[in-house]
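Trainee: I am new to this structure. Could you take me closely through a single part, the enclosed space inside the protein, and then show me what surrounds it?

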Amino acid sequence: MSVGGGGNGEILVRVENLKKWFPVAAAGLSFAAKREWVQAVDDVSFEIAKGETLGLVGESGCGKTTVGRTVARLYEPTAGKVVFDGQSIYELPAEEMRQVRRKIQMIFQDPYASLNPRMTVGDIVGEPIDINRLATGEARKNRIFELLETVGLNREHASRFPHEFSGGQRQRIGLARSLAADPSFIICDEPISALDVSIQAQVVNMLQDLQEKMGLTYLFIAHDLAMVKHISNRVAVMYLGKIVEVADGYELYAHPVHPYTTALLSAIPIPDPGVEEERRRIILEGDVPSPINPPSGCHFRTRCRLAQPVCSEKEPELVDRGAGQKVACWVT
Amino acid sequence: MENLLRVRDLKTSFFTYAGEVRAVDGVSFEVAVGEAVAIVGESGCGKSVTAMSLLRLIPEPGKVLAGSVELGGRDLLRLKEREMRHVRGNDISMVFQDPMTSLNPVLTIGTQLAEAIRQHQKVEKDKARARAIETLEMVKIPSPDKRLAQYPHQLSGGMRQRVMMAMALSCHPRLVIADEPTTSLDVTIQAQIIELLKEIKKATGMSIILITHNLGVVAGLATRVIVMYAGKIVEYGPVKEIYQIPQHPYTWGLLKSVPRLDAAEKRRLVPIYGQPPDLLKPPAGCRFHPRCDHAMKVCREKEAPFVPVNGNGEHRVACWLQHPAAPAVAGFKKGVPA
């Protein structure tokens, strides 16, 4: 039930049946209480081809950030496998993992919290160079200048501190840092959600330019489906720990199959009053259930207007519906 | 349409150690009865400060320096604090952005709702409770009588925002100011809340000032749009005109820098380069000129007058490109809708 790569490209990242469960204290004070688990990511599989961008969308708490962090092995997985460039990374010992992690980098959501306020920008960008012993002295300095210029900053910025920069500039610093170790795969976790709209476009355009220039592969995690569709080749939609549908972004918009995808698409406002007047919304009732005790069968069935008895009995698998579109639904 | 609120030349500054920050610098607009007006702009453009100024809730070291805020013939800026308290909640109420921090975590929903009602209207406790249940029903919270005994942490984000709305609506205000009411919510929940706002507006005939940076939300709810940049209104007009024939390069930029979900093909986004200005020392002339692709010499020197775009004067813009002597700009339709 894995998700095929876009185009004929070679697969760079293959995620197989990934699970990440977090323990939580059980309610009450009983010592006999059973340990409960937040099933943040529950059996997720996908592939990303070299040079491709896979978008991962979903609402808060659906597990998209956990997928990103577990794929980078910042979290140890509960079960499953991630094959990066031919190596199964969860089986690697620490020293070899360090070599691989150089190739897998991350950009974080909050440009204020993800930079050390006491380090200069030069040292922040230089840290991956030091850790991986890529350069020293003059070569290190030149590499830092080069990286800053790559992301549209200049060399004078190297001696300044993060608080002297705006949100958009800080996100550029974070990007320069992620590029420092010469990665092939970057996990972008909501890299633009904290930025103003005019600045978002600057950062997104830069991510696209860098991908073209350096052949980077992205996992782009965000809740803004319009932006994800814009930047990605394929889009995977997550709901409560599972991928419910994956397809080419334009295909997904034109022919959504899963009822959750349909509802999600219809909920997103379009900046055009003429279009908005004509649109009919599918308003989902209620809230996302708790990932501690997710509904049996299909996780979405409690809010699904098409739910049938079978949906509560058996979990639907991601099935290929042609043209690379995969859907996990019993009904549609 | 009859005007409910008339704001004239509002100026609000914050007196910081670094100097005077002119957060709102000469803002004028009207809100008609039963109308939804959206104020859009990026962080720090003064949209929230404008709203807080209307309610006279500007915290130290800020101060409303000049202007007038007329509601039903009275200038709110000249009322005594005691009278102003009566206006808040009864005539104008507010829904804040973050339902997480704007509810008191140690009081039940019922206590907080009843407090709001009893603060503004003289009613007995049990009457207030009945009213609280009524307003919770209005915002479509299931089993409202049970919810009254619950605490904010027991509710989801969307439910909390409904409680905030219930509180704002509890005294049947004529104007509700919604400051980024859906920004911290997920899109499916955002759709629920926007739909609810529309229904309540239709049912009660109240007016809404919607403050947001989300141009999609505006398109679905507002009848008129005010675009703010660096403390000033740069353009305002009927919602369709703002989207179809935006006249200010900033409005234009805002619309082009976001991808549309219904776009049929990939088109590179057009960002607005640079940063919004530091309001301690705003640029001379038009405040947008350092980021404007079409800036001329006059833009750097003199502020552009606010001119009508078409005959009826409902759509106005402050931009020198409107001047008869200004050069034509490719892809830019000046004036009357084609």
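Mentor: Start with the residues that line the largest cavity: 11 are nonpolar, three are polar and none is charged. Keep in mind that this is a predicted model. The volume of the largest cavity is about 80 Å³. Its lining has 14 residues, and those closest to the centre are Pro249(B), Cys286(B), Cys292(B), Cys299(B) and Cys319(B). The structure holds seven cavities of 30 Å³ or more.

Now place chain B around that. The domain assignment splits chain B into domain 1, residues 31–57 and 79–222, and domain 2, residues 229–322. Taken over C-alpha atoms, the centres of these two domains of chain B are 30 Å apart. They do touch: eight residues of domain 1 of chain B are in contact with 10 residues of domain 2 of chain B.

Next, the open spaces. The largest pocket has a volume of about 1,200 Å³. It is lined by 44 residues, and closest to its centre are Ser193(A), His223(A), Thr183(B), His213(B) and Asn214(B). Several helices take part. In chain A, α1 (64–71), α6 (197–214) and α7 (225–231) each give at least two lining residues. In chain B, α1 (47–54), α7 (187–204) and α8 (215–221) each do so as well. The largest share, three residues, comes from α7(A). By type, the lining of the largest pocket has 17 nonpolar, 17 polar and 10 charged residues. Set that beside the largest cavity, whose lining has no charged residues.

One of those helices deserves a closer look. Helix α1(B) is mostly covered, with six of its eight residues buried. The buried ones are Lys47(B), Val49(B), Thr50(B), Ala51(B), Ser53(B) and Leu54(B). Just after α1(B) comes Arg56(B), with a positive phi of about 55 degrees.

The second largest pocket holds about 730 Å³ of space. Its lining has 24 residues, and Gly89(B), Ala116(B), Gln119(B), His120(B) and Met167(B) lie nearest its centre. Four elements of chain B each supply at least two residues of this lining: α2 (81–90), β6 (92–95), α3 and α6. The largest share is six residues, from α2(B). The lining of this second pocket divides into 10 nonpolar, 10 polar and four charged residues.

Two of these elements, α3 and α6 of chain B, lead on to another helix. The buried residues of α4(B) pack against α3 (109–120), α5 (144–147) and α6 (157–169) of chain B. Those buried residues are Ala128(B), Arg131(B), Ala132(B), Ile133(B), Thr135(B) and Leu136(B).

How does the length of α4(B), residues 125–138, compare with what its 14 residues should span? At 1.5 Å a residue they should span 20 Å, and the end C-alpha atoms of α4(B) are 20 Å apart, so the two agree. Just after α4(B), Lys140(B) takes a positive phi of about 60 degrees.

Now go back to the start. The largest cavity has Pro249(B) and four cysteines of chain B closest to its centre. The largest pocket has residues of both chain A and chain B closest to its centre. For the second largest pocket, the residues nearest the centre come from chain B. Find each set in the view, one after another.

Notes. Residues are numbered from 1 along each chain as its sequence is written. Chains are lettered from A and ligands numbered from 1 in the order in which they are written. This is a predicted model: local features need pLDDT of at least 70, side-chain atom pairs count only at pLDDT 80 or more; totals for chains, interfaces and linings use all residues. Side-chain values use heavy atoms; hydrogens and water are left out. The expected span of a helix is 1.5 Å times one less than its number of residues. Buried means under 20% relative accessible area, exposed over 50%, partly exposed in between (1.4 Å probe, protein chains only). Contact means heavy atoms within 4.5 Å. On a 1 Å grid over the protein atoms alone, a cavity is a set of points where a 1.4 Å probe fits but cannot get out, and a pocket is an open set with protein on both sides within 12 Å along at least five of seven lines; lining residues have an atom within 4 Å of a point. Grid points are joined across faces, edges and corners, and a volume is the space filled by probe spheres set on the points. Ala, Val, Leu, Ile, Met, Phe, Trp, Tyr, Cys and Pro count as nonpolar, Asp, Glu, Lys and Arg as charged, and the others, Gly among them, as polar. Domain bounds come from an automatic or database domain assignment.
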